Amino acid sequence: MTTAHESPAAEVRDLHIAFGSGRDGTDVVRGVSLALHRGRVLALVGESGSGKSLTSLAFMGLLPAGARVASGSVRVEGADTGEFTPRQWRAVRGTRIAMVFQDPASALNPAFTVGWQIAEPFRRRLGDSRARAREKAVALMETVGIPEPERRYHAHPHEFSGGMRQRAVVAMALALEPAVLLADEPTTALDVTVQAQILRLLAERQRAAGLAMLLVSHDLGVVARLAQEVAVVYAGRIVEQGDLDTVYAAPAHPYTRGLMDAVPEAAAGEPRLRSIAGHPPDPGRVPDGCAFHPRCAFATARCTTERPLLRTLADGRRAACHHAESVLAGTAPGGPYGGSDL
Amino acid sequence: MSAPALEAPARARRRTPRRTWIALGVLALFVLAGLLGPVLHPYDAVATDLPSRLLPPGSRTEDGSLAWLGTDQLGRDLLANVLAGSRVSLVVGLATVVLGGAAGLLVGLVSGYFGGWPDAVLSRIGDVQLAFPSILLAILLAGVLGPSLTNIVITLAVTRWVIFARVVRASALSARELEYVNSARLLGAGHLRILLRHVLPSCWQPLLVAGTVQVGLTMVAEASLSFLGLGVPVDEASWGATVSLGRDYLGSAWWISTVPALALALVVLCVGAVGDAFRDASDPRAQL
Amino acid sequence: MSVEARDGALLKVEGLHAGYVHRVGLARHRVPAVAGVDLAVPAARTVGVVGESGCGKTTLARAVVGLRAPFSGRVEFAGRDLGTVSRRERRRLARELQMVFQDPFTALNPRMTVAELIAEGWRIHRGTVAPADQAAETARLLGLVGLGSEHAERRPHELSGGQCQRVSIARALALGPRLIVCDEAVSALDVSVQAQILNLLADLQEELGVSYLFISHDLDVVRHLAHEVVVMYVGTVVESGPTDEVFRNPQHPYTRALLSAVPSLRDRPGLPSREIPLHGDVPSPATPPSGCRFRTRCRLATEHCARETPPLVPRPGVGHPVACHYADGAGTTAYPAGNGS
């Protein structure tokens, strides 16, 4: 947010993503605006079905079959991608904007050596000779912390451990020096010690290359290791966004607060966790008013009819809650719609 | 992460494509023809009407009736022949699939669920049989058993059960590893209960798909056997036998072979289309 | 009853070896994913098993409930050796030893209704709940796990992941178990729902006195729920003891590295990391290193570690068992004290 005056490396404005078309269509992302700035990491946090992964895929023009951008715009380095031809998209992917996926096992082709796959962008996109591409790939493998890159160049993905594979995936994403890196649950499939290594690698590469980075995660601890700014999504909308320190220190949206309270770490020493009652709504059946109101301890009658807009609070963060000030002050919880357990 | 929720709207109800409905309609017509045809327009294999022989479709016969599809070399009405033949084809096709499917289901369940030596033995028998050309086996069996409708069903079922057994074995094998099968095991459920309640239900769909495909192929196989004179007895009409008989007249009276062959092709095509629809419906993403 | 009363453990695992059989042609190689594990679960307590993929925790869970036959060793439940009891007796014991699986959707037969899923155990063990009482009993169980009777006629795909996991728990509770093995039972759930299920498990323990063997890769979750914790690495236990003690004062170098890697809400980019990095890959359980299995990645390792396997015993100055020659209760020389929280 501090660098908001500088034009963002990539942004979405009022993005709506729908599954199906016409009247049968269901909006899964319902008006998300995000700006990614150079040298900054923005984390998109939410639970399954919140639309956070779709939002990140929209940056790449890689929505799954059946999903489409219903309205809003996606801009990469100022260019509106709405008019992009498939050829233009291909020109942008990898060179300007790249992605690290959740599952390193399926992001690599098992039929080719890892080195060959890392070298491929150099040959195909930059037209490097084989020897030159290989040289660059080996150097890149070294950069992302793959030991003995010369030898491992010829190894196939199945000969790599999960962590090494994810390093290779990071190498492939960074090969053409993109300005924007999208990381969708980059460590969710990994063990905790390996996760720590990959997070360290991502942080290091992001800082070294001044990348604009979008980190999509459900894990608030992972987010805390990488991001300066956080946006929390619920049922396809951003409910709170701001500096990580501000938001983590005192969430202004009841959902953010519920998420943070539900983490076992937050309940250290307490016999019970503070859970959020109920479960997130299906995309087709989002409640009227504030989508969170049936689960919210702060909900009042107003919340059931009037959808709260994302507004800027006194401390500079933004929250979409009628009662954000009360939430921050920790007062007046328990409206008539306090959620029952399920 | 959000995969389950993403799929929900994408799973929007799939419409049955129009060609499936057309195929079902055509099949229903053939079934109806097989049921009612021989009653309304009886076929008599021994009645011959030599003056009316080899009439092209649409001609008038000696006795003044209209031969819609022409007559054969003995003056028998081809329409009656095809109607009677459809009964044979459909009965053989369905009976074979039911018999072979039942045998395959049993064998497949046992070898897929229990594994071990029963699986090894049953699978090797299946391999050996598949390695042997099925039409040769059918010729051999039909020759030994002699021509009758029952025997041809037995013959074809013997050559087909392996395919069903394989399909069922594959499903049973994967069902055996399902977490909910483990869960039932932990409740103390016996093999029979697990097989019937938890494994069998996931085998139906693939078996049904294989069955529809096999109905068509079985009909072709029956026609081939009848064409070779090893199928139904001569006093019964069969598409294959009729094609075979018309072979000598291809130059002068093309319709004798062509009409039953077209009928066969149409039925097999329609069964295939219905089979495809089944397969689409059993797409794992559409399941649940 | 009398046997277990004497040493207080409901479940006792001794010297357990289990894994899978790898066939190469006619040869069969046993790959022990679990190689000599001892543990005990007392009545009405929760024992957590933590470790990373390949440590053998899932194989351990499956061997305990009998889904996987052990190569050797004993699994003793309620005073009976599960390896030697009759088939009849084993089925009776099934009622008291249940499991909740990781994926709530695949663990429930999609073709059955919630009521049928819960009642399945009563159909198998006739005489446990009379057919006339099953509807009422189902309603009671649904209430116990926080579902309503309106859920009874639904099928799993009509429920959310959290609700399915509640059904799984109700199904496990239906036969009145004394021990429930939870294999990553909350790992597939969203944070907010995970908290609900963890609270439910804690409540059920309080009300029914049921024990849990709680297998998880999530250290925060285990720290919250478990009374005792067992840390596994490549098929062996490297450290075990009361959860608070192990998390506050981890002694094995692996436990320290593991705890230091857990992301925390208090982390920030650019802040000095607490992480004790581990180098190299996890060795394969088929060809483990000699001696201490962690020595290939351990900064404290000496030749002694390669020659002699450190036994899992309490060390001087350490209150709980640690399988490390160099655990001394203090901050083990080269390692900064792990800050578990």
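The following exchange concerns a predicted model and its chains A, B and C.

In this model, local features need pLDDT of at least 70 and side-chain atom pairs count only at pLDDT 80 or more, while totals for chains, interfaces and linings use all residues. Residues are numbered from 1 along each chain as its sequence is written, and chains are lettered from A, with ligands numbered from 1, in the order in which they are written.

Trainee: What ipTM does the model score?

Mentor: Two scores are given for the model. The pTM is 0.84, and the ipTM is 0.86.

Trainee: Which residues of chain C have a pLDDT below 50 or under 50?

Mentor: pLDDT is the predictor's confidence in each residue, from 0 to 100. Chain C averages 89, with 94% of the residues scoring at least 70. A contact requires C-beta atoms, placed from the backbone, to lie within 7 Å. One stretch below 50 has 6 contacts beyond near neighbours in sequence and another under 50 has 22 contacts beyond four places in sequence; they are, respectively, residues 1-6 and residues 332-341 of chain C.

Trainee: Why is chain C described as being as compact as a globular protein of its length?

Mentor: Chain C comprises 11 helices and 12 strands, where helices (H or I, at least four residues) and strands (E, at least two) are DSSP runs numbered from the N terminus. The globule rule, 2.2 Å times the number of residues to the power 0.38, is compared with a radius of gyration taken over C-alpha atoms. For 341 residues the rule gives 20 Å, so chain C is as compact as a globular protein of that length, its radius of gyration being close to this at 21 Å.

Trainee: Which element gives the most to the side of domain 1 of chain C that touches domain 2 of chain C?

Mentor: An automatic or database domain assignment supplies the bounds, here domain 1 (2-226) and domain 2 (232-264 + 271-322) of chain C. Their contact takes 22 residues from domain 1 of chain C and 15 residues from domain 2 of chain C. On the domain 1 side, two or more residues come from each of strand S2 (27-42), strand S3 (46-50) and helix H8 (219-225) of chain C. With 9 residues, the element that gives the most is S2(C).

Trainee: What distance separates the centres of domain 1 and domain 2 of chain A?

Mentor: Chain A is divided into domain 1 (110-170) and domain 2 (250-329). Taken over C-alpha atoms, the separation of their centres is 45 Å.

Trainee: Which helices of chain A each supply at least two residues of the side that touches chain C?

Mentor: The contact takes 41 residues from chain A and 37 residues from chain C. The helices of chain A that each supply at least two residues of this side are H8 (192-209), H9 (220-226) and H11 (254-262).

Trainee: On which residue is the kink in H9(B) centred?

Mentor: The expected span of a helix is 1.5 Å times one less than its number of residues. For the 27 residues of helix H9 (residues 201-227) of chain B this gives 39 Å, and the end C-alpha atoms are 39 Å apart, which agrees. A bend is the angle between axes fitted to the seven residues ending at a residue and the seven starting there. The kink in H9(B) is about 25 degrees, and its centre is Gln214(B).

Trainee: Which residue with a positive phi comes just after H5(B)?

Mentor: Helix H5 (residues 134-145) of chain B has 12 residues and reaches 16 Å from its first C-alpha to its last, close to the expected 16 Å. Just after H5(B), the residue with a positive phi, about 90 degrees, is Gly146(B).

Technical notes. Two residues are in contact if their C-beta atoms, placed from the backbone, lie within 7 Å.
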